[in-house]
Amino acid sequence: MTEEGTVHFGDSAIHFQVVRRPRRKKTLEITVDSPGVVTVAAPVETPRDDIESTVLKRAKWIMRHNGTSEQAPPHRRFVSGESLQYLGRAVRLSVRTTDAKAVTIRFHHWQFDVEVPCSLSGDERRDATRTAFEQWYRDRAAQKLPDRVDRVAGLLGVRPKGILIRDQRKRWASCSPDGTLRFNWRVIMAAPALIDYLVAHELAHLKVRGHSADYWAVVAQAIPDYQRRRERLRELGHLATL
Ligand SMILES: [Zn+2]
């Protein structure tokens with residue numbers, strides 16, 4: 001059974017999972033592994049209240065590392081001059097209103113040329129544009145991830161069963177017991193080095209489940225500087241939203 005909890009800090013809720021570990025480690029350790037995924041490693045005997053008060057005490061740090069579920073989403077208007085992340089770079093939007101029937105997105109010289117039907121305005125316009133961008137990112141993820149997976153799989157000597165692109169709000173990626181990798185379409189917003197880390201992270205689970213030292217040794221075979229990349233990924237969090 002997994003031990004979980006939630007604490008509230010201002011307008012935000014921090015959900016966490018508790019991993020109990022043997023007595024010899026006396027300290028509580030909090031990590032944010034991906035947006036909204038907070039893990040507290042605690043000695044077996046630490047009372048629940050102590051865990052919650054420690055999470056609360058470190059709330060600001062956790063939120064900075066994007067471990068909160070109700071972070072304010074960016075107030076996107078999808079107008080010229082705004083930018084969105086793609087492969088770790090900020091790509092500027094150039095938006096035109098046309099008499100087209102649907103929103104179209106063209107990625108050209110590291111700029112998004114967006115055409116929006118003049119029949120749309122306000123929330124409708126924003127929602128339609130956001131939906132079109134989500135589809136664009138999903139398509140790019142589906143095009144680009146398989147090659148990266150193949151390459152890293154080669155380095156680790158594993159063979160995944162398949163790759164699925166999903167909308168998983170709280171995680172970047174996962175690996176199911178049957179060997180299928182699922183990626184959040186938002187991963188394609190991250191820099192290639194970070195995508196490779198995520199790919200290696202999931203592929204390494206085909207060899208070792210859980211996050212033991214043995215597991216990280218497998219990740220390191222493909223990504224020797226995985227710790228640094230993992231840290232950068234945590235900082236990315238809020239940027240990878242639409
Ligand atoms: Zn993992």
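**Warm-up.** Which residue lies over the face of Trp 110, and at what distance from the ring centre?

*Solution.* Arg 89 lies over the face of Trp 110, at 3.9 Å from the ring centre. A charge sits over a ring if NZ of Lys or CZ of Arg is within 6 Å of the ring centre and within 35 degrees of the ring normal. Another example is Arg 58, with its charged end over the ring of Trp 61, 4.6 Å from the ring's centre.

Before you go on, note that this is a predicted model, in which local features need pLDDT of at least 70 and side-chain atom pairs count only at pLDDT 80 or more, while totals for chains, interfaces and linings use all residues. Residues are numbered from 1 along each chain as its sequence is written, and side-chain values use heavy atoms, with hydrogens and water left out.

**Exercise 1. Get to know the whole protein.** Find its secondary structure, its domains and its buried share.

*Solution.*
- Step 1: The protein has 6 helices and 11 strands. These are DSSP runs, numbered from the N terminus: H or I of at least four residues for helices, E of at least two for strands.
- Step 2: The domain assignment gives domain 1 (3-64), domain 2 (83-140) and domain 3 (143-239). Such bounds come from an automatic or database assignment. The centres of domain 1 and domain 2, taken over C-alpha atoms, are separated by 39 Å.
- Step 3: Along the principal axes, the C-alpha atoms fill a box of roughly 70 × 45 × 30 Å.
- Step 4: Of the 242 residues, 45% are buried. Buried means under 20% relative accessible area, exposed over 50%, and partly exposed in between (1.4 Å probe, protein chains only).

**Exercise 2. Explore the zinc site.** Identify the residues that hold the ion, then place them in the fold.

*Solution.*
- Step 1: Look for donors, which are N, O and S atoms within 2.8 Å of the metal (3.2 Å for Na, K and Ca); water is not among the atoms, so sites may look incomplete.
- Step 2: His 201, His 205 and His 211 coordinate the zinc ion, each through NE2, at 2.0 to 2.1 Å.
- Step 3: Along the sequence, the spacing of these donor residues is H-x3-H-x5-H. His 201 belongs to helix H4 (residues 192-204) and His 211 to the loop between H4 and helix H5 (213-222), so this pair ties together parts that are 10 residues apart in sequence.
- Step 4: Compare accessibility. His 201 counts as buried at 13%, whereas His 211 counts as partly exposed at 48%.
- Step 5: Leaving out residues up to four places away in sequence, His 201 touches His 211, Tyr 215, Trp 216 and Val 219. Contact here means heavy atoms within 4.5 Å.

**Exercise 3. Follow the rings around Tyr 86.** Describe two of its aromatic pairs.

*Solution.*
- Step 1: Rings of Phe, Tyr and Trp (its six-membered ring) pair if their centres lie within 6.5 Å; planes under 30 degrees apart count as stacked, over 60 as edge-to-face and the rest as tilted. The whole structure has 16 aromatic pairs.
- Step 2: Tyr 86 and Trp 110 have ring centres 5.8 Å apart and planes at 35 degrees, so this pair is tilted. It links distant parts of the chain: Tyr 86 is in strand S5 (residues 83-86), and Trp 110 is in the loop between strand S7 (104-108) and strand S8 (111-117), 24 residues apart.
- Step 3: Tyr 86 is buried, with a relative accessible area of 1%, while Trp 110 is partly exposed at 32%.
- Step 4: Tyr 86 also pairs edge-to-face with Trp 136, at 4.9 Å centre to centre and 70 degrees between the planes. Trp 136 lies in helix H3 (residues 122-156) and Tyr 86 in strand S5, so the pair ties together parts 50 residues apart in sequence. Trp 136 counts as buried, at 11%.
- Step 5: Ring pairs link these three residues into a cluster whose members also include Phe 112 and Trp 185.

**Exercise 4. Find the nonpolar cores.** Say where the largest one lies.

*Solution.*
- Step 1: A nonpolar core is a set of buried Ala, Val, Leu, Ile, Met, Phe, Trp, Tyr and Cys residues joined through side-chain atoms within 4.5 Å.
- Step 2: The largest core has 55 residues; Phe 112, Val 114, Phe 133, Tyr 137, Phe 183 and Leu 203 touch the most other members. H3 gives the most to this core, with 10 residues.
- Step 3: Domain 2 and domain 3 both give residues to this core, so it lies between them.
- Step 4: Apart from it lies another core, of 13 residues, including Val 7, Phe 16, Val 40 and Ile 62.
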